[in-house]
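User: I am new to reading structures. I would like to ask why things get the labels they get.
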Amino acid sequence: MISKEEVLHIAKLARLELTEKEAVKMQKDLSAILDYFNVLKKIKSSKLKLESLKKENTTRKDEASENPASFANNLVQQAPDKKDGYIKVKSIL
Amino acid sequence: MFKKLIRKHFVIKGIIAMLDLTITQIHEGLKKKDFSSTEITKTYLDSIKKTDKNIGAYLAITEKLALAQAGRADEIIKNEKNFGPLTGVPCSIKDVILVEGEKCTAASKILENYVAPYDATVIKKLKKAGTVILGKVNMDEFAMGSSTENSAFKVTKNPHDLTRVPGGTSGGSAASVAANQAVFSLGTDTGGSIRQPASFCGVVGLRTTYGSVSRYGVVADASSLDQVGPITKTAEDAKIVFKVISGKDPMDATSAEYEFKETEITLKDLKIGVPKEYFTKGLDSEVKSIIENAIEKAEKAGAKIIPISLPTSQFALAAYYIIQTSEASANLARYDGIRYGLSEKADTLLQTYIKSRGAGFGAEVKRRIMTGTYSLSIGYYDAYYKKAQQVRELIKQDFAAAFKKVDVIFCPVSPFPAFKIGENTADPLSMYLADIYTVPINLAYLPALSLPAGKVGKLPVGLQIIGNHFEENKILGVGEAMEKMIQ
């Protein structure tokens with residue numbers, strides 16, 4: 001069983017607000033799910049090779065694509081808080 | 001009076017018949033001018049308005065768009081002799097795929113008012129093909145679930161039994177096709193989300209090979225698993241839609257150079273693998289006998305049945321839920337209350353993130369973000385995420401070895417038919433178990449078809465036909481041959 005402190009720590013890392021009730025349920029559910037994951041411990045590690053996991057990267061040419069101004073405007077319009085065609089963000093520091 | 005009654009009777013019969021048509025039959029009807037696209041589109045819109053109070057498949061009906069598209073399709077049909085097979089054909093779209101100017105909610109409160117600023121590549125292709133979009137259909141929030149009960153907006157019911165779930169996550173897609181509210185639908189399949197609802201609703205569903213269809217403009221769940229695919233009434237219809245939506249897209253780096261090639265497939269001498277791990281404890285006995293019956297019929301038609309083993313199967317579900325939640329927790333970081341979607345007012349930037357996400361995400365999405373964040377965090381990464389990736393490699397190797405011996409693999413889609421609404425909502429793990437036969441295919445980047453194979457009472461059961469990478473032509477061909485025998 002994972003602790004409630006751990007649940008709240010993970011929630012903070014995930015930028016999630018949990019109510020008291022949600023945190024209690026999450027502790028129970030998460031513990032059951034992580035318990036189920038323990039089935040993977042049954043696999044002999046000698047069977048596991050990592051070499052084949054290396055993937056090739058796919059790249060494209062670094063070229064600017066032309067889009068109408070309305071496209072950028074459509075994207076900015078989705079922001080909850082905006083001003084003069086810019087998205088407003090609270091100060092970070 | 002009598003004459004009028006007879007006419008009315010025929011009109012009603014005509015409408016019902018129109019709603020039963022497949023893509024191929026509609027195409028023929030449009031060619032012969034039996035009806036116009038506008039007529040058929042209106043018939044479907046009426047059908048949705050009449051039946052959706054009970055079914056609850058649609059989140060939004062895009063009537064204006066549909067009628068405009070149908071009008072344009074009728075122009076094309078009038079002027080061009082050889083119009084495409086999807087021209088004028090009405091469909092529904094899972095609400096995780098962007099249709100420009102229409103809402104796209106992913107069935108989440110966090111995107112409740114999000115309007116798509118552009119078309120997904122698959123939508124661009126459907127529009128170019130002259131398809132008519134009737135509306136956006138329900139799903140589990142952010143495509144996480146197995147019953148469509150995780151939608152923030154409504155519960156969709158199984159058209160075969162309104163007390164049961166349609167499956168998930170593309171439950172709205174499957175229900176809309178099964179209830180004659182669309183000729184076909186586009187869904188997405190991350191761990192079984194096309195095949196399982198297709199199985200539960202008695203329709204055909206194609207999970208496509210990873211990379212065969214562009215995901216540009218599709219709300220991301222888990223990027224190494226997600227694929228778009230069709231839900232249709234027949235295997236032939238699935239082929240028609242797949243041909244239109246597949247292919248390389250410069251906007252999706254994971255899409256592959258691929259073109260569908262038609263091949264003649266017969267069951268005679270076809271090598272069908274049957275994995276013993278998919279017929280063990282936990283499989284409903286009636287589902288088992290339906291699948292075994294289908295295998296027997298294939299054998300009688302000349303196929304060779306070859307017992308195979310996929311030994312890593314028992315670890316697939318755990319590996320899947322580690323990988324899916326890890327990738328989803330990263331993908332869903334974008335919902336920050338700043339760029340789009342729901343935003344809760346707060347004093348600091350950090351509190352804006354925390355409160356917006358807390359208020360916008362539903363219980364299952366939160367659970368998966370938490371599980372994924374845990375699996376990826378320092379101290380647990382090796383035991384969870386890394387181990388799951390290694391298991392994924394073993395699963396890939398299992399299938400690669402199997403496909404050296406067989407052409408396709410037959411097994412069930414789901415261990416049981418559609419379950420009752422509310423039956424599995426209290427315990428997340430019991431819901432995850434519904435995915436046990438579908439997730440290995442996603443982990444191995446493979447294509448698979450769900451084909452109606454029989455019924456337990458009134459509940460449909462799907463046969464899963466798994467193929468090797470980019471062998472959709474094979475599994476669709478086998479599907480076409482099989483559906484002639486089992487329906």
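User: Why is A:Arg15 called partly exposed, rather than buried or exposed?

Analyst: This is a predicted model, so every value is computed from predicted atoms. A:Arg15 has a relative accessibility of 32%. Buried means under 20%, and exposed means over 50%. The value of 32% is in between, so A:Arg15 counts as partly exposed.

User: Where is A:Arg15 found, and what is notable about its phi?

Analyst: A:Arg15 is in the loop between α1 and α2 of chain A. Its phi is near 55°, a positive value in a residue other than glycine. Most residues other than glycine have a negative phi.

User: Which residue of chain B has a positive phi near 50°?

Analyst: That is B:Ala106, again a residue other than glycine. It is found in the loop between β2 (90–94) and α5 (121–128) of chain B.

User: Is B:Ala106 buried or exposed, and how do you know?

Analyst: Its relative accessibility is 0%. The cut-off for buried is under 20%. B:Ala106 therefore counts as buried.

User: What makes the bond between B:Gly168 and B:Thr169 worth pointing out?

Analyst: It is a cis peptide bond, with omega at about 15°. Most peptide bonds are trans. B:Thr169 lies in the loop between β3 (132–137) and α6 (171–178) of chain B.

User: How many disulfides are there over all chains?

Analyst: The count is 0. Take B:Cys91, which is in no disulfide. The nearest cysteine sulfur belongs to B:Cys104, 14 Å away.

User: Why is that no bond for B:Cys104?

Analyst: A disulfide needs two cysteine sulfur atoms within 2.5 Å. The sulfur of B:Cys104 is 14 Å from the closest one, in B:Cys91, so the distance is too far for a bond.

User: Are these cysteines buried or exposed?

Analyst: B:Cys91 has 0% relative accessibility and counts as buried. B:Cys104 is buried as well, with a relative accessible area of 0%.

User: What makes the pair B:Lys355 and A:Glu17 a salt bridge?

Analyst: Their closest N and O atoms are 2.8 Å apart. The rule asks for a Lys or Arg side-chain nitrogen within 4 Å of an Asp or Glu carboxyl oxygen. A value of 2.8 Å meets that cut-off, so the pair is a salt bridge. The count between chain A and chain B is 3 salt bridges. Polar contacts across the interface come to 11 residue pairs, both residues being at pLDDT 80 or more.

User: Which helices of chain A supply residues to the side that touches chain B?

Analyst: α1 (4–13), α2 (20–37) and α3 (69–77) each supply at least two. The largest share comes from α2(A), with 10 residues. By type, that side of chain A divides into 28 nonpolar, 6 polar and 12 charged residues.

User: How many residues are in the contact, and what is the area buried there?

Analyst: The contact takes 46 residues from chain A and 55 from chain B. About 4,500 Å² is buried between the two chains. Carbon and sulfur atoms give 71% of that area.

User: What is the secondary structure of chain A?

Analyst: Chain A has 3 helices and 2 strands. From the N terminus on, they run α-α-α-β-β. Chain A has 93 residues, and 27% of them count as buried.

Note on methods:
Residues are numbered from 1 along each chain as its sequence is written. Chains are lettered from A and ligands numbered from 1 in the order in which they are written. This is a predicted model: local features need pLDDT of at least 70, side-chain atom pairs count only at pLDDT 80 or more; totals for chains, interfaces and linings use all residues. Side-chain values use heavy atoms; hydrogens and water are left out. Buried means under 20% relative accessible area, exposed over 50%, partly exposed in between (1.4 Å probe, protein chains only). Contact means heavy atoms within 4.5 Å. Buried area is the accessible area (1.4 Å probe) that two parts lose on being put together, summed over both. A polar contact is a pair of N or O atoms within 3.5 Å; within protein, one must be able to donate a hydrogen and the other to accept it, and residues adjacent in sequence count only if both atoms are side-chain atoms. Helices (H or I, at least four residues) and strands (E, at least two) are DSSP runs, numbered from the N terminus. Ala, Val, Leu, Ile, Met, Phe, Trp, Tyr, Cys and Pro count as nonpolar, Asp, Glu, Lys and Arg as charged, and the others, Gly among them, as polar.
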